Amino acid sequence: QVQVVESGGGLVQAGGSLRLSCTASGSIFSIPIMGWYRQAPGKQREFVAVISPGGSTNYDGSVKGRFTISRDNARNTVYLQMNSLRPEDTAIYYCNARVGPTVYWGQGTQVTVSA
């Protein structure tokens, strides 16, 4: 079993910044692929960003240039630096970790951006 825990969400004004953190722990036998998704009220969960063990990244077009995903492999921790936040970024942000063939999800952290 693997546990995934996010933190760092909160309330911020439009144009501001937040940094989310996510740590995977437990039965991890290799460095996992880790990523971020988000779910806004009334919408489906959507992809935000992903990072490979070697540091390759991919972003959804809506956040590219504003968000940066990074990782600390030694700690199985991934970060999402969110700059130039917009009200439409408001959502519950979920972290996941792919360990072998299995994807594990965190409980989510709320990000609210006020206009």
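The following exercises, with worked solutions, concern the fold and the disulfide of a predicted model.

Local features require pLDDT of at least 70 and side-chain atom pairs count only at pLDDT 80 or more, while totals for chains, interfaces and linings use all residues. Residues are numbered from 1 along each chain as its sequence is written, and side-chain values use heavy atoms, with hydrogens and water left out.

**Exercise 1.** Determine how many helices and strands the protein has.

*Solution.* Helices (H or I, at least four residues) and strands (E, at least two) are taken as DSSP runs, numbered from the N terminus. On that basis the protein has zero helices and eleven strands. The pattern along the sequence is accordingly β-β-β-β-β-β-β-β-β-β-β.

**Exercise 2.** Compare the radius of gyration of the protein with that of a compact globule.

*Solution.* The radius is taken over C-alpha atoms, and the globule rule is 2.2 Å times the number of residues to the power 0.38. For 115 residues the rule gives a value near 13 Å; the protein has 13 Å, so the two agree. The C-alpha trace spans about 45 × 25 × 20 Å along its principal axes.

**Exercise 3.** Identify the disulfide and locate its two cysteines.

*Solution.* The criterion is a pair of cysteine sulfur atoms within 2.5 Å. Cys22 and Cys95 satisfy this criterion, with their sulfur atoms 2.0 Å apart. Cys22 lies in strand β3 (residues 18–26) and Cys95 in strand β9 (residues 91–99), 73 residues apart. The angle about the S-S bond is -85°, a left-handed link. Both cysteines are buried, that is, under 20% relative accessible area (1.4 Å probe, protein chains only).

Conventions:
Buried means under 20% relative accessible area, exposed over 50%, partly exposed in between (1.4 Å probe, protein chains only).
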